[in-house]
Amino acid sequence: MKVFLNQALPEAGMELLRKAQLEILLPEQEALSRADWINYCQQADVVVGLAAKGFDAAFFEQCPKVKAIALFSVGYDQVDIAAATQRNIPVSNTPDVLSRATSDVAFLLMQSVARLAAFNFERVKTGNWPQQFNPTAHLGQELYGKTLGIFGLGRIGFEMARKCKAAFDMKIIYHNRSPKPELEGELDATYVSFEALLERSDVLSLHANYTEASKDLFGADVFRKMKRNAILINTARGGFVHEADLYRALVEGVIWGAGLDVSSPEPMLRDNPLPGLQNVCVLPHIGSATVAARDGMARLVAENVIAFAKGERMPTVVNAEVYI
Ligand code: 8YV
């Protein structure tokens, strides 16, 4: 069974793959053109995707030999799941192992924005720390007892809510396509409509799965419905947010601040004005960038590949319908 990886996994995963004695196809160069990537995929039974985009309908047409896809990510918006399912191709992702790390970054962004930490660090770096104390300069917000709105209460949203409740006794409200009563108890969380989520959240944190249907969902109309003191946190996917509208909303004081670990496109363009705002903190998509999370992701990818090679069900398959 031939397994193609566009990049090597962290060693914890490579070791498992080597032990399983699978035939591994690993290109020497890291950045592949689409044509080269397709060329490799055409030779493989299983394709492992590390930040690889474009598992679209054309991909499945061009790579008829591919029988399974194992993603090094919890998000699977880079795959046309319907097209994969139609061809009976299981697609696996890496849930759970990165929930803590990613929610840590959501929490970090929330705090960084609330206390203008990135901006204040920039002041230190650029020598803008005046002798004269000013009691009303660069004041932040305290989050005690405020309302956290979770858009997409899954594993990562749950971890974020748990931290916010423990640290600041925040009230938790959430919006999903349907309520998740099994997650509400520990958080004392309340399911609300999308409108109510916008109107009531002091911090609104995005954790939903991304699809094209949600592109630019968080745009001017949405920002107008939010509180003027609201902080928007996005550690999910950049596509959720209309960045030009967000910039205007922040400059005009429609909302208070934003913390972004994701952007559209990625990497964020150098001329994007968002990182220049004092009430914004932007990170370069580091949600899962801890040793523990990346090792966990690598192991999970390998376990999925190995299970598939043995003719078993992939343990974290996204499109479980293929096994029915
Ligand atoms: C990855 C992520 O770093 O898991 C996800 O969905 O966005 C991140 O953990 C990224 O997808 C690279 O594979």
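## Working through a two-domain model

His138 sits in the loop between helix 6 and strand 6 (147–151). Keep in mind as you go that this is a predicted model.

**Exercise 1.** Find what is unusual about the backbone at His138.

*Solution.* Start with the background: most residues other than glycine have a negative phi, and most peptide bonds are trans. Now check the residue itself. His138 is not a glycine, yet its phi is positive, at about 50 degrees.

**Exercise 2.** Look at the loop between strand 11 (257–260) and strand 12 (280–282), where Pro265 lies, and work out which kind of peptide bond joins Ser264 and Pro265.

*Solution.* Take the omega angle first: for Ser264 and Pro265 it's about 5 degrees, and the bond is cis. Next, move along to Pro267, which is placed in the loop between strand 11 and strand 12. The bond from Glu266 to Pro267 is cis too, with omega near -5 degrees.

**Exercise 3.** Split the protein chain into its domains and describe how they meet.

*Solution.* Step one is the division: domain 1 covers 2–95 + 291–323, and domain 2 covers 99–282. The contact between them takes six residues from domain 1 and six residues from domain 2.

Step two is distance. The C-alpha centres of the two domains are 32 Å apart.

Step three is area. Domain 1 and domain 2 bury about 500 Å² between them, and 53% of that is on carbon and sulfur atoms. On the domain 1 side, Tyr76, Asp77 and Pro95 supply 64% of the area buried against domain 2, more than any other three residues.

Step four is polar pairing. Between the domains there are two residue pairs in polar contact, and the interface has one salt bridge.

**Exercise 4.** Identify the salt-bridge partner of Arg237, then explain what the Glu23 and Lys2 pair ties together.

*Solution.* The general idea comes first: side chains of opposite charge can pair when their charged atoms come close. Arg237 pairs with Asp77, and their closest N and O atoms are 2.9 Å apart.

Now widen the search. The whole structure has 17 salt bridges. One of them links the side chains of Glu23 and Lys2, at 4.0 Å from N to O. Glu23 belongs to strand 2 (residues 23–25) and Lys2 to strand 1 (residues 2–5), so this pair ties together parts that are 21 residues apart in sequence.

**Exercise 5.** Which residues does Lys171 touch, leaving aside its neighbours within four places in sequence?

*Solution.* Place the residue first: Lys171 is in strand 7 (residues 171–175). With those neighbours set aside, Lys171 is in contact with Gly145, Lys146, Thr147 and Leu148. For another view, try Pro130: Lys171 and Pro130 are 41 residues apart in sequence and 38 Å apart in space, C-alpha to C-alpha.

**Exercise 6.** Which residues form a nonpolar patch on the surface with Phe121?

*Solution.* Begin at helix 6 (residues 117–125), where Phe121 lies. Then add its partners: Val124 and Trp129 complete the nonpolar patch on the surface. Together, Phe121, Val124 and Trp129 have about 390 Å² of accessible area.

Note on methods. Residues numbered from 1 in each chain as written. Predicted model: local features only at pLDDT ≥ 70, side-chain atom pairs only at ≥ 80, totals over all residues. Heavy atoms only, no water. Patch = residues over 30% accessible without salt bridge, like charges linked within 9 Å, V, L, I, M, F, W, Y side chains within 5 Å. Areas by Shrake-Rupley, 256 points an atom, 1.4 Å probe, with all protein chains shown as cover. Helix = DSSP H or I, 4+ residues; strand = E, 2+ residues; numbered from the N terminus. Domains from an automatic or database assignment. Contact = heavy atoms within 4.5 Å. Buried area = accessible area lost by both parts, 1.4 Å probe. Polar contact = N/O pair within 3.5 Å; in protein donor to acceptor, adjacent residues only side chain to side chain.
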